[in-house]
Amino acid sequence: MAKVTSIHKKKKAESIEAINGDFNCVFDCIDEGVVIVNNEGEIVYANPAYEGMFRVSRTTIIGKNIFCVLNDDAMIKAFKQKKKIKGKLNYCINTNQIYVSASPIYEENHFKGAIGIYTDKLPNNEQNHLSKIVPLNQSNEISEIKVNNYFQKIVTNSRNMKEALFVAERASKVPSTVLIRGESGTGKELVAKAIYYSSNRKNKPFIRVNCGAIPSALLESELFGHEQGAFTGAIKKKIGKFEEANGGTLFLDEIGDMPIDMQVKILRVLQEKEFERVGGNETIKCDVRFLAATHRNLEELVKKEEFREDLYYRLNVISVHIPSLRERIEDINDLCIYFIDKINAKTGCGVKGISKEVEEAFYQYNWPGNVRELENLMESLIVLAEGDIIQLSEIPHYISNIYHINNYGIKDSPLINTGKKGELPTLEEYEKEIIKLALDKYGSFNAAGKALGVTHRTIALKARKYNIVD
Ligand SMILES: Nc1ncnc2c1ncn2[C@@H]1O[C@H](COP(=O)(O)OP(=O)(O)OP(=O)(O)O)[C@@H](O)[C@H]1O
C-alpha cells in the first residue's frame, strides 16, 4: 500500500508541475486572485491574493477537490464543460462584487485542468457590456444561500460558517464520507447530525462512536461486536456499532484519537463494507454511511506516522472545516441570545440579556473552548445572575480583565479582585488567572513567559497543571 501511495503522490506532483511550471512566482505577485485545478479537479495552486480575497489558507485547500471547496460555479463549469466562463460570484466579499474569469487549460490538445482569475474591479472591456457578464445565480449575498431546516437550527451569521454549512448541506445529499474538522466545541457533532437529518438515511439509525473515549482494548469489540466466548468475559454474543448502524449513518467522532492498530480495521470496513465480529469467522456485510470528525491536525499525525495516510485519504473525501468562535465573533451575540432562551427555558430563570460591556468583553476574549465554553459560561451566569441583565462584574476575571486591559490599559486594571463578599482568591487562583490572561494576550508560552518574567518552560508546566492547555 505504501508503494501505491507514493506512486500516486509522485504522479500528483508531476501533474502539478506540468500545470503551474514556472508561473507560480508570477502569479504570487499579482493583485488578482488565481486558483488552478488539475485534470482531476484537485486544487494545485492558489496565490496570496486568492487567500486574502477568500480568507482561506492555501495549505487547507490545496489537494482538495473543487466540488468540495470552491463555491464558484464559473470555475466548476469551466472544468466540467471545458469552456471559458465569465461571471460574478453569487455572493459578495466585504460588500465587493467579485468577477471571475475561468478557463480550461490545454497542452498539446490534452486537457490539463482549469484556471480561475478573480477581481473586484469590473474589467475595462466589460464596462459597457454588462450584459455579457452572466450572473451565475440570482442571489447576491452568501447570507441568501438557502440551507434546509436542520442546518437553519445552527445559529450563525458569519460568512465562513455559512460556507462550511453550504458544503455540509451539499454533502448530505450524497453518500460520500465527510470529514468534519474544527477545534473542540465548535459544533462538529451538530453539523454531523444536520447532515444525517438532511440525508435520505434520516429514518435509519445514527450511531456515534467517540473513538478517543473508549479504551483501545474495548474498541474493537465495541465497533465490530464479538461472538460468545471470544475472550474472557464475553459471556454472550454482542452486536457492534457497525451492525447497529446498518442502513444508517455511523459518526466516528475524534477519529484522530483512534489507536493505529484499529485504523487498518476501520479502513477495511470503509473500503469493503464488510467485517467479522471479534472471535467470529462469518463475514458480515454492512451498508453504512460514514461521517467522521476531529479537532486534531491529521496531516501532522500522518507525518508523525500516528495516523495512516490511506485512511486519511479515505476519510477526507468531502472536508468541512468549522471555524473557531474567534474566527466568527459576529456570531457571539446571536449565540448569547439563543443560549439565554434555551437556558431560561431549562432552568426557569428570567435573564433578558447581557450588558454592552459584557458583549464587548466577549468579543475580546479568545474562546479556546469555542461555542461549548460560551454555552457553559452562559448557563452559570444565568443561574447566578442577580438582575435580568448580566453585568461585567458577574463574568469571570480572566474575561473581564482582558476588557479592562484593552479599554483602560493595564495600569487601571484592578490587580486584586475580591469576591462578592470581599474574600480573597488563593495564590494558585491568581497564578492560574494571570497565566491564562498572558496566554490569551500573547498567544505563546515564550511571549507569555517574557511578559511575566519567567521561562517558557514554567509557563508550559503551569498551563498544563491548571488545564489551561492540553
Ligand atoms: N452554531 C451553533 N448554534 C447553536 N449551538 C451550537 C452551535 N455550535 C455549537 N453549539 C452547541 O455547542 C456545544 C458543542 O457543540 P458540539 O458538541 O457539536 O461540538 P464539537 O465540535 O463536536 O465538540 P468536540 O470536538 O469537543 O466533540 C453543543 O451543546 C452544541 O449544541
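## Report on a predicted protein model

The protein chain has 21 helices and 17 strands. Helices (H or I, at least four residues) and strands (E, at least two) are DSSP runs, numbered from the N terminus. This is a predicted model, in which local features need pLDDT of at least 70 and side-chain atom pairs count only at pLDDT 80 or more, while totals for chains, interfaces and linings use all residues. Residue numbers start from 1 along each chain as its sequence is written.

Of the 470 residues of the protein chain, 34% count as buried. A residue is buried if 20 or more other C-beta atoms lie within 10 Å of its own, exposed if 12 or fewer, and partly exposed in between, with C-beta atoms placed from the backbone. Two residues are in contact if their C-beta atoms, placed from the backbone, lie within 7 Å. Among contacts between residues at least 6 apart in sequence, 65% join residues at least 24 apart.

### The sheet

An open sheet is formed by five strands in the order 8-11-14-7-15, with parallel pairing. Strand 8 (206–210) and strand 15 (318–321) are at the edges with a single partner strand each, so one side of each has no neighbour in the sheet. From one strand to the next, the twist averages 20°. Axes are lines fitted to C-alpha atoms, for helices over the stretch in contact, and angles run from 0 to 180 degrees between N-to-C directions.

Two strands pair if DSSP finds at least two bridges between them. The table gives two of the pairs.

| Strands | Sense | Bridges | One bridge pair |
|---|---|---|---|
| strand 11 and strand 14 | parallel | four bridges | L250 and F290 |
| strand 7 and strand 15 | parallel | four bridges | R181 and H321 |

In strand 15, I318 and V320 point one way and S319 and H321 the other way, and all are buried. Helix 8 (residues 159–172) packs on the sheet, where it touches strand 7 (178–181) and strand 15, and its direction makes about 150° with that of strand 15. Helix 9 (residues 188–198) lies across strand 7, strand 8, strand 11, strand 14 and strand 15, and runs at about 165° to strand 14.

### The ligand shell

Helix 9 also appears around the ligand: helix 9 and helix 17 (370–384) are the elements that give two or more residues to the shell. The ligand is surrounded by 17 residues, and the closest are V155, G187, K188, E189 and V371. A residue is near a molecule or strand if its C-beta atom, placed from the backbone, lies within 6 Å of it. Both domain 2 (149–321) and domain 3 (328–465) supply at least three residues to the shell; the domain bounds come from an automatic or database domain assignment.

### Buried positions elsewhere

In helix 6 (residues 73–81), A74, M75, I76, A78 and F79 are buried. K82, with a positive phi near 55°, follows helix 6.

I117 belongs to strand 5 (residues 110–119) and counts as buried because 22 C-beta neighbours lie inside 10 Å. Apart from neighbours within four places in sequence, I117 is in contact with E32, V34 and S101. I117 and A102, 15 residues apart in sequence, are 6.2 Å apart from C-alpha to C-alpha.

I340 is in helix 15 (residues 332–347) and counts as buried because it has 21 C-beta neighbours inside 10 Å. Beyond four places in sequence, I340 is in contact with V351, G353, M378 and I382. The C-alpha atoms of I340 and V351 are separated by 6.8 Å, with the two residues eleven apart along the chain.
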